[in-house]
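Please open the model in your viewer and keep the selection panel at hand. The stops below follow the chain through strands, helices, a cavity and a pocket.

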Amino acid sequence: MVLFDPLERQIVAALQLDPRCPWRKMAAVLGEAERTVARRGSQLLESGAVAVVGIRPRPAVVLVQMRCMPGTVRAAAQALSQRNDTTFVYTTTGTGDCVAEILTEPSRMGTVLSDELPSTIGLRDSTSYPVLRYFRTIRGWRPEILTADRVEAFRSALTPDSGVLVPRQELSRQDNELIDALCADGRMSFEALGRRVGVSEATARRRSEWLLTNNQVHLRTIVEPAAFGLGVEALLWIRASPHQVEPVGKSLAELPTVRYAAAIAGDYQIMADVTVEDMSSLYRFITDSEWARNAAGVDVSILLDARKRGGRLMRSPS
């Protein structure tokens with residue numbers, strides 16, 4: 001994994017705050033030449049080291065922890081990553097071999113869990129954890145790269161990390177086509193969106209902004225944490241008493257090391273995805289953090305490989 005240099009880190013951090021931020025504005029805020037920022041940013045996107053993509057939210061979300069037959073973990077992870085309804089697919093240490101997040105409709109939850117997932121190649125057994133609410137999703141992850149004033153300058157009202165599971169709305173054909181285009185390329189220009197859908201640039205802008213504001217499509221910047229120098233990623237399965245779930249979740253969501261945190265139903269009450277520099281940092285995060293003082297227990301799974309992040313297939317491990 002190639003580490004980002006200081007300018008690349010700032011460009012990616014800006015895209016995390018506003019995935020559609022124009023190069024001109026980014027250059028002005030960072031105090032760099034527009035040509036340099038546009039060139040370096042375009043190189044990151046074209047190389048695949050960074051991607052800006054959209055996801056259609058769904059009102060029903062479930063985390064699935066799978067245990068696989070020996071020698072089948074990678075095949076199972078690959079099969080899960082090919083599903084259109086999975087947002088992330090990780091292979092991990094611990095009691096589960098593979099963890100995936102699935103977005104679906106309430107009416108399909110039983111079919112997915114009882115009929116479709118059991119046929120996954122290599123599956124021995126699985127445990128499902130419905131998501132009750134998000135404290136942070138991947139699009140809300142903000143490593144400490146930018147100064148506070150630059151963070152405010154880049155923050156966009158169109159891409160907040162609300163954490164709300166929004167019911168699906170009935171949309172027009174053109175709106176659905178706009179969402180499909182933004183899911184493929186979250187930085188597609190309004191002019192290109194208009195041509196693709198067959199509407200004017202002004203209409204494409206107005207409808208796209210409405211879809212983003214009303215949580216009908218979520219934009220996110222996808223990047224491997226290791227490129228920031230965060231070499232250890234772990235999933236924390238946290239137990240907490242009912243009255244401590246909200247305080248622990250909110251405390252986790254305030255930390256730049258936390259990429260994802262959700263309240264879940266099952267043997268655990270919260271699952272969090274954290275990224276740190278090394279194992280010593282992970283140990284300190286688990287044993288000497290404010291959230292940990294209010295947690296009743298935590299199981300830790302180290303992430304071995306990410307086959308899918310933010311709905312995007314990642315490169316195969318070398």
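Two strands are said to pair if DSSP finds at least two bridges between them, and strands themselves (E, at least two residues) are, like helices (H or I, at least four residues), DSSP runs numbered from the N terminus. This is a predicted model, in which local features need pLDDT of at least 70 and side-chain atom pairs count only at pLDDT 80 or more, while totals for chains, interfaces and linings use all residues. Residues are numbered from 1 along each chain as its sequence is written, and side-chain values use heavy atoms, with hydrogens and water left out.

**Strand β8 and its partners**

Begin by selecting strand β8, residues 258-264, together with strand β5, residues 123-136; the two pair in the antiparallel sense over four bridges. Within this pairing, Arg133 has Ala263 of β8 as its bridge partner. Seven of the seven residues of β8 are buried, where buried means under 20% relative accessible area, exposed means over 50%, and partly exposed lies in between, with a 1.4 Å probe and protein chains only.

Next add strand β9, residues 270-276, which pairs with β8 in the antiparallel sense over five bridges. Val258 stands opposite Val274 of β9. The hairpin of β8 and β9 has five residues between the strands, and there Gly266 takes a positive phi near 140°.

Now pick Ala265, which is in the loop between β8 and β9; at 28% relative accessibility, Ala265 counts as partly exposed. Leaving aside neighbours within four places in sequence, Ala265 is in contact (heavy atoms within 4.5 Å) with Ser128, Tyr129, Pro130 and Leu132. If you draw a distance from the C-alpha atom of Ala265 to that of Arg207, 58 residues apart along the chain, the separation is 36 Å.

**Strand β7**

Keep β9 displayed and select strand β7, residues 232-239, of whose eight residues seven are buried. β7 and β9 pair in the antiparallel sense over seven bridges, and Glu233 stands opposite Thr275 of β9. β7 also pairs with strand β10, residues 297-309, in the antiparallel sense over six bridges, with Ile238 opposite Val298 in β10.

**Gln65 and helix α4**

Move to Gln65, which has its place in strand β2, residues 60-68. Is Gln65 buried or exposed? At 3% relative accessibility, Gln65 counts as buried. Leaving aside neighbours within four places in sequence, the contacts of Gln65 include Thr95, Cys98, Asp125, Tyr129 and Trp237.

Then select helix α4, residues 73-81, where the buried residues are Ala76, Ala77, Leu80 and Ser81. They cover an arc of only 135° around the axis, which puts them on the same side of α4; the arc is that of the directions from the helix axis to the C-beta atoms. The buried residues of α4 pack against β2, β3, β4, β10 and β11 (312-313).

**Helix α7**

Which residues of helix α7 are buried? Selecting α7 brings up Asp175, Leu178, Ile179, Ala181 and Leu182 as the buried ones. They cover an arc of only 165° around the axis, which puts them on the same side of α7, while on the other side Arg173 and Ala184 are exposed. To see what covers the buried residues of α7, show β1 (50-55), α8 (190-197), α9 (201-213) and β6 (218-223), which are among the covering elements.

**A cavity and a pocket**

On a 1 Å grid over the protein atoms alone, a cavity is a set of points where a 1.4 Å probe fits but cannot get out, and a pocket is an open set with protein on both sides within 12 Å along at least five of seven lines; lining residues have an atom within 4 Å of a point. Grid points are joined across faces, edges and corners, and a volume is the space filled by probe spheres set on the points.

The largest cavity holds about 190 Å³ of space. Of the 21 residues that line the largest cavity, select Leu103, Tyr134, Thr137, His218 and Arg220, which are the closest to its centre.

Finish at the second largest pocket, with a volume of about 480 Å³. Its lining has 23 residues, of which Ile55, Arg56, Asn84, Asp85 and Thr86 lie nearest the centre. The elements that give two or more residues to this lining are β1, β3, β4 and α7, and β1 gives the most, with three residues.
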